[in-house]
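Student: Can we go through this one by asking what earns each label? I'd like to see the values set against the cut-offs.

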Amino acid sequence: MPVPATILVGVQWGDEGKGRVADWLAIQADVVGRYAGGDNAGHTVQLGEQSFKLHLIPSGILQHHVICVLGHGMVINPERLLAEIGNLAAQGIDTSPERLLVSERAHIITPGHIALDSAHETALGDQSIGTTKRGIGPAYTDKIKRTGIQAGLMRSPEAFGERIRQHIENVNASLPTAASALDADTITAEYTAHAEALAPYVTNTVPPIHTALRSGKQLLCEGAQGTLLDIDMGHYPYVTSSSASVGGALTGLGFGPSEVERVVGVAKAFSTRVGSGPMPTELHDEVGDRLRGTGDNPWDEFGTTTGRPRRCGWLDGVVLRYAAQVNGLTELVLTKLDVLSGFETINVAVAYEIDGVQTEDLPGNEAEMARAVPVYETLPGWKEDIMHVRDWHDLPPAAQNYVNFIASLVHIPITYLSVGPERNQIIVL
Ligand code: GDP
Ligand code: IMO
Ligand code: MG
């Protein structure tokens, strides 16, 4: 009897190409569930001329045979979910409640949470986290304080509207100035209407997941963010507010580790980060600029959600090794290998030097991580464009050497190489 669950996690600071890889792995899945985060995520999938930008709905929706679940580990902005359902439908994707299930236990993001997120970031000044200002932190705060609003209440739109009104009035009382007060009447009316529209999607998602698991169906769990943004695994406070790594899949969808066969880490072939917080291999030079790109290519390093330029640098092997350990990765997928074409040499951090002492362990606190200086191994680069390559043997030897070096650094097999944003731009190893 095959063990049916695969968990996909980002192993860096997000934007590793999880959406693209989830779309590929979903070919063999029956159910695809998102387990954490909200519309702070931005997952891009390119299918020919069509570019799909997913923020809340799992990328699996693009495989027509798949059922998608928005799990209870998520925080959901109803307005944004409706917009995404509408956009996908306009692009010819079936987004009916028969194939899109929203957990009644998920928590709701309101304009109040968004206002609080902005106010908190403004108050922090130059210490700000650089959040996506999507209300993520305040919504999870309400969940943990047990004052949040669950998606299940949308099945009673009037009662939901009243809870929204109370919540907006509470937020108004706590916002810094009266000038920023939110219009409770308008928001109540809008959110009552959103609840009416979304009610058919809201359900108890645990039974259908377990019915699928019991009948040997394949469950793919699509992560958002990345291990170094996980509330526990990252460098607090420069993290998001959810469990973005492997444990989040179990609690965020509701199943046990005995169901899990594969834990697939997605790593970009170099490092990027959006927002504040330590990033030892960040480059402020022309190499960093070249990794980022100018924005001319759709895959250049500008955020899918906020459009912010991403901080760029060489691959960090210390981060990868840590992520492999804490997630129990069984395999690694390497994306954007094509972007490294044309470099004379390529650096990979294999250790850090912190206060004059060399270590291969990732520091457990932000202050130490901020003082980490990467110790690089320099590998030869390759000149050839590899976006058309589909077979390992057709890769330039220097590219093969780079991939083998990473696999030996993390002690797990690399199973796929992505060499472009398109579904078929992949090398199966
Ligand atoms: P996610 O948040 O982890 O899903 O990643 P994003 O979608 O935010 O960012 C990845 C970007 O790189 C998107 O624009 C993808 O279309 C693109 N992409 C993914 N894999 C590859 C690849 O192998 N090569 C290139 N050139 N682009 C890729
Ligand atoms: P995907 O799923 C990259 C970052 C923000 C900020 C920090 C906290 O596309 O990989 P938040 O709004 O969550 O409170 O912001 O986390 N962040 C991401 N960075 N990719 C993401 O998602 C991210 N989601 C949040 O930039 O530094
Ligand atoms: Mg992204």
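Tutor: Sure, and keep in mind that this is a predicted model. Start with Gln225: one of its backbone N or O atoms is 2.8 Å from an oxygen atom of ligand 2.

Student: What makes that pair of Gln225 and ligand 2 a polar contact?

Tutor: A polar contact needs N or O atoms within 3.5 Å. The Gln225 pair sits at 2.8 Å, so it counts under that cut-off.

Student: Which other residues have an N or O atom at 2.8 Å or 3.0 Å from an oxygen atom of ligand 2?

Tutor: His43 uses its side chain, with an N or O atom 2.8 Å from a ligand 2 oxygen. Val274 uses a backbone N or O atom, 3.0 Å from a ligand 2 oxygen.

Student: How much of ligand 2 does the protein bury?

Tutor: Ligand 2 exposes 550 Å² when taken alone, and 97% of that is buried by the protein.

Student: Which residues come nearest to ligand 2?

Tutor: Asp15, Lys18, His43, Thr132 and Thr240, out of 21 around the ligand. By class, that shell holds eight nonpolar, 10 polar and three charged residues.

Student: On to the helices. How do you know that α5 and α6 are in contact?

Tutor: Contact means heavy atoms within 4.5 Å. Residues of α5, including Phe160, Ile164 and Ile168, meet residues of α6, among them Ile187, Tyr191 and Ala195. The residues of this contact split into eight nonpolar, three polar and six charged.

Student: At what angle do the axes of α5 and α6 cross?

Tutor: Roughly 145°, with the axes coming within 8 Å. The crossing of α5 past α6 is right-handed.

Definitions and conventions. Residues numbered from 1 in each chain as written. Chains lettered and ligands numbered in written order. Predicted model: local features only at pLDDT ≥ 70, side-chain atom pairs only at ≥ 80, totals over all residues. Heavy atoms only, no water. Axes fitted to C-alpha atoms, helices over the stretch in contact; angles between N-to-C directions. Helix = DSSP H or I, 4+ residues; strand = E, 2+ residues; numbered from the N terminus. Left-handed = near helix turned anticlockwise from the far one by under 90°. Nonpolar A, V, L, I, M, F, W, Y, C, P; charged D, E, K, R; others polar. Near = heavy atom within 4 Å. Polar contact = N/O pair within 3.5 Å; in protein donor to acceptor, adjacent residues only side chain to side chain. Areas by Shrake-Rupley, 256 points an atom, 1.4 Å probe, with all protein chains shown as cover.
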